[in-house]
Every structure is written in C-alpha cells, then in structure tokens.
Amino acid sequence: MAKTNSKGRSKQTESFVKLPRFLIKSMAYKALRPFSKNLFVEILYFYNGNNNGEIFMSIRMAASLLSCANNTAQRALDDLIDKGFIKVLKKGSFNYKKRHATEWIIT
C-alpha cells in the first residue's frame, strides 16, 4: 500500500506518462507508425507540466532513445508533426560555434 502524507494523499515518488483514452482512440494516433508512437511517449516523458515549448530533442537524441537510425527518427518526428501531435518552436542547428537541439511544443 502506498504511503500517504499528512493530508491523506499518496506520496508520489516517480513521475509517469499519461496517455488519455480519447488520444489512443483517435484516428490520428491510430495512423501513427510504431516508431512515431514510441517517440511521442518519449517526448511526453520530458514534459513536466510546466515546460511545454522548452522540450529539447535532436534527431540524434531521438534515434538514441528509439534505438534506431537517424533517418527513422527523422521520419518519426515528421510523422508526429504531420499528424499534429508536436510542432517546432525553435529549429535547432549544428555547427562548430553553436549547437542546440530543436525546441518542441506538444499540441
């Protein structure tokens, strides 16, 4: 049984990712490829309730999280953008002086 605090609420020790039923049942979610669904869960993992628009993820990071090639990760991100699950806030770049990942918004 979970321990509770002084107000009777459970002490949550670990965060979790919630996928509402309406989302899972939606046609857009069903149309996603398997890698896209997995990547969406990974992106949701970085969302803490206050940082929408400040979620950083590069193609290399996505490929590492999914254990796939960079091209597959790029297709998964493109699929999520096309279906409207995420959008780019600030495009990332990679050069010798400045490297930063793309900033994403969960829609």
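Two rings of Phe, Tyr or Trp count as a pair if their centres lie within 6.5 Å. In this predicted model, Tyr29, Phe40 and Phe85 form one aromatic cluster by that criterion. The structure holds 3 aromatic pairs.

A pair of aromatic rings is described by the distance of the centres and the angle of the planes. For Tyr29 and Phe85 these values are 6.3 Å and 70 degrees, and the pair is edge-to-face. Tyr29 belongs to helix α2 (residues 27-30), while Phe85 sits in the loop between α5 and β2 (86-90), so the pair ties together parts that are 56 residues apart in sequence. Both partners fall under the 20% limit for buried residues: Tyr29 counts as buried because its relative accessibility is 9%, and Phe85 counts as buried because its relative accessibility is 8%.

Tyr45 and Phe46 form another edge-to-face pair, with 5.7 Å centre to centre and 75 degrees between the planes. Here the rings belong to residues that are not buried. Tyr45 is exposed because its relative accessible area is 52%, over the 50% limit. Phe46 has a relative accessible area of 29% and is therefore partly exposed.

The next topic is the nonpolar core. In soluble globular proteins, nonpolar side chains tend to be buried together. The largest nonpolar core of this model has 21 residues, and the members that touch the most others are Leu39, Phe40, Ile43, Leu80, Phe85 and Ile86. Two or more residues of this core come from each of α3, β1 (55-57), α4, α5 and β5. Phe40 and Phe85 thus appear both in this list of core members and in the aromatic cluster with Tyr29. Ile43 shows how the contacts of one such residue are distributed: with residues up to four places away in sequence left out, Ile43 touches Ile55, Met57, Leu77, Leu80, Ile86 and Ile106.

Pockets come next. The largest pocket has a volume of about 380 Å³. Its lining consists of 18 residues, and those nearest the centre are Ser58, Ile59, Phe94, His100 and Ala101. At least two lining residues come from each of α4 (59-66), α5 (70-82), β3 (93-94), β4 (99-100) and β5 (102-106). Helix α5 gives the most to this lining, with 4 residues. By class, the lining of the largest pocket is made up of 8 nonpolar, 6 polar and 4 charged residues.

The second largest pocket has a volume of about 270 Å³. Ser15, Phe16, Val17 and Lys18 are among its lining residues, as are Phe40, Leu44, Tyr45, Tyr47, Asn48, Asn52, Ile106 and Thr107. Helix α3 (residues 34-46) supplies the largest share of this lining, 3 residues. The classes here are 7 nonpolar, 4 polar and 1 charged. Several of these residues have already been met: Phe40 lines this pocket and is a member of the aromatic cluster, Tyr45 lines this pocket and pairs with Phe46, and Ile106 lines this pocket and touches Ile43.

Last comes a residue in the segment before α1 (21-25), namely Thr4. Thr4 is partly exposed because its relative accessibility is 46%. Apart from neighbours within four places in sequence, Thr4 is in contact with Arg9, Ser10 and Lys11.

Key:
Residues are numbered from 1 along each chain as its sequence is written. This is a predicted model: local features need pLDDT of at least 70, side-chain atom pairs count only at pLDDT 80 or more; totals for chains, interfaces and linings use all residues. Side-chain values use heavy atoms; hydrogens and water are left out. On a 1 Å grid over the protein atoms alone, a cavity is a set of points where a 1.4 Å probe fits but cannot get out, and a pocket is an open set with protein on both sides within 12 Å along at least five of seven lines; lining residues have an atom within 4 Å of a point. Grid points are joined across faces, edges and corners, and a volume is the space filled by probe spheres set on the points. Ala, Val, Leu, Ile, Met, Phe, Trp, Tyr, Cys and Pro count as nonpolar, Asp, Glu, Lys and Arg as charged, and the others, Gly among them, as polar. A nonpolar core is a set of buried Ala, Val, Leu, Ile, Met, Phe, Trp, Tyr and Cys residues joined through side-chain atoms within 4.5 Å. Buried means under 20% relative accessible area, exposed over 50%, partly exposed in between (1.4 Å probe, protein chains only). Contact means heavy atoms within 4.5 Å. Rings of Phe, Tyr and Trp (its six-membered ring) pair if their centres lie within 6.5 Å; planes under 30 degrees apart count as stacked, over 60 as edge-to-face and the rest as tilted.
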